[in-house]
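Grab a coffee and work through these exercises with the structure open beside you. Try each task before reading its solution.

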Amino acid sequence: MVLTGCLREPVVDAQQQAALQKEAASIVQQFVATLKPKLKKALQEGGPAHAVAVCSKTAPTLAVQLGDETGWSIKRVSLKPRNQQTAIPDAWESAVLRRFDREQAAGKPVSGMIASHIEKGQYRFMKAQVVEPVCLVCHGKVISPDVTAALKQYYPQDQATGYELGQVRGAFSLSKRL
C-alpha cells in the first residue's frame with residue numbers, strides 16, 4: 001500500500017484489494033462458523049425463544065471478539081434491522097443492501113453477493129446474508145407467540161421479520177483502516 005499524501009486516500013492495488021477481500025470473507029466465515037452452532041444448540045436446548053436470547057448476547061460479543069483479534073470492525077446490517085444499536089446501515093451499506101435485493105429479485109444467488117470499496121482511508125466489505133430454512137423460525141412471515149414475545153423482550157423495535165427462503169436478510173459489514 002502506498003500513501004500518496006497526507007490528505008489523499010491510500011492507494012491500494014488490485015492484489016492488495018484481493019488480499020483484503022479474502023481476509024474479510026474469511027472473517028465472515030469464521031463468524032458464521034462460530035455463531036451458527038451456538039444458535040443450533042440453543043434451538044435444541046430451549047427452542048426458538050431461547051435461541052433469540054442467546055443470539056442477542058452472542059452475536060454482538062462475537063463481533064467484538066473477532067474485531068479485537070483481527071483488527072477489523074465487524075457488524076451485521078439490514079434494511080429491516082433487528083438490533084437498533086448495531087444493525088442500522090449507513091448510506092453506503094444501505095445502497096449495497098438495495099443492490100443485493102435487486103440482484104436477488106433478478107435471480108442472482110445471494111450466497112455469492114459481495115461488495116467492497118475504499119472510503120476515507122478504510123477498506124469496506126459487505127457479504128449478503130441469505131435466509132435459510134432455520135432463519136424462518138425467527139425471521140419468517142409466521143412466527144410463534146413465544147418467539148414473538150422473546151423478540152419483543154430482546155429487540156423491542158425489531159423489523160427483521162416477514163422474510164422468505166432465499167431472500168437477502170442483511171449483510172455482514174466489515175471495515176479496516178488502511
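**Exercise 1. Place glutamine 129 in the predicted model, decide whether it is buried or exposed, and list its contacts.**

Step 1: Find the element. Glutamine 129 sits in strand 3.

Step 2: Check the accessibility. Its relative accessible area is 11%, and the cut-off for buried is under 20%. So glutamine 129 counts as buried.

Step 3: Look for partners, skipping neighbours within four places in sequence. Glutamine 129 is in contact with Arg76 and Val110, and also with Gln167, Val168, Arg169, Gly170, Ala171 and Phe172.

**Exercise 2. Work out how many helices and strands the protein has, and in what order they come.**

Step 1: Count the elements. You should get four helices and four strands.

Step 2: Walk along the sequence. The pattern reads α-β-α-β-β-α-α-β.

**Exercise 3. Does the radius of gyration agree or disagree with that of a compact globule?**

Step 1: Start from the chain length. For 178 residues, a compact globule would come out near 16 Å.

Step 2: Compare. The protein has 17 Å, so the value agrees with the globule estimate.

Step 3: Add the spans. Along the principal axes, the C-alpha trace covers about 55 × 35 × 25 Å.

Step 4: Turn to burial and contacts. Of the 178 residues, 38% count as buried. Among contacts with a separation of 6 or more, 67% are between residues 24 or more positions apart.

Step 5: Finish with the outside. The protein exposes about 9,700 Å², with 55% of that supplied by carbon and sulfur atoms. It carries 23 positive and 15 negative side chains, and the centres of these two sets are 2 Å apart.

**Exercise 4. Find the largest nonpolar core and say which elements give two or more residues to it.**

Step 1: Pick out the best-connected members. The core has 18 residues, and those touching the most other members are Ile27, Phe31, Leu66, Trp72, Ile74, Phe125 and Leu174.

Step 2: Assign them to elements. Helix 1 (14-70), strand 3 (122-130) and strand 4 (168-177) each give two or more residues. Helix 1 provides the largest share, 11 residues.

Step 3: Look for another core. There is a second, separate one of 12 residues, including Val96, Ala115, Met126 and Val168.

Step 4: Zoom in on phenylalanine 31. This residue lies in helix 1, and at 3% relative accessibility it is buried. Not counting residues up to four places away in sequence, phenylalanine 31 touches Ala59, Leu62, Ala63, Leu66, Ile74, Arg76 and Phe172.

Step 5: Do the same for leucine 66. With neighbours within four places left aside, its contacts are Ile27, Gln30, Phe31, Gly71 and Ile74.

**Exercise 5. Which residues does serine 175 contact, leaving aside neighbours within four places in sequence?**

Step 1: Locate the residue. Serine 175 belongs to strand 4.

Step 2: Check burial. With a relative accessible area of 13%, serine 175 is buried.

Step 3: List the contacts. They are Trp72, Ser73, Gln122, Tyr123 and Arg124.

**Exercise 6. Compare tyrosine 155 and glutamate 164, both in the loop between helix 4 and strand 4.**

Step 1: Take tyrosine 155. Its relative accessible area is 9%, so it counts as buried. Outside the residues up to four places away, tyrosine 155 touches Val52, Cys55, Ser56, Arg82, Asn83 and Ala150.

Step 2: Take glutamate 164. At 40% relative accessibility, this one is partly exposed. With neighbours within four places set aside, glutamate 164 is in contact with Val131, Leu136 and Lys141.

Step 3: Check two C-alpha distances. Glutamate 164 and glutamate 132 are 32 residues apart along the chain and separated by 8.6 Å. Tyrosine 155 and lysine 108 are 47 residues apart along the chain, with 31 Å between them.

**Exercise 7. What is the sign of phi at lysine 120, and is this residue buried or exposed?**

Step 1: Recall the background. Most residues other than glycine have a negative phi.

Step 2: Read the angle. Lysine 120 has a positive phi of about 50°, although it isn't a glycine.

Step 3: Place it. Lysine 120 is in the loop between strand 2 (114-119) and strand 3.

Step 4: Check the accessibility. Lysine 120 has 65% relative accessibility, so it counts as exposed.

How values were computed: Residues are numbered from 1 along each chain as its sequence is written. This is a predicted model: local features need pLDDT of at least 70, side-chain atom pairs count only at pLDDT 80 or more; totals for chains, interfaces and linings use all residues. Side-chain values use heavy atoms; hydrogens and water are left out. The radius of gyration is taken over C-alpha atoms; the globule rule is 2.2 Å times the number of residues to the power 0.38. Buried means under 20% relative accessible area, exposed over 50%, partly exposed in between (1.4 Å probe, protein chains only). Contact means heavy atoms within 4.5 Å. Accessible areas come from the Shrake-Rupley method with a 1.4 Å probe; for residues, only the protein chains shown count as cover. Lys and Arg count as positive and Asp and Glu as negative; His and the chain ends are not counted. The place of a charge is taken as NZ of Lys, CZ of Arg, CG of Asp or CD of Glu. A nonpolar core is a set of buried Ala, Val, Leu, Ile, Met, Phe, Trp, Tyr and Cys residues joined through side-chain atoms within 4.5 Å.
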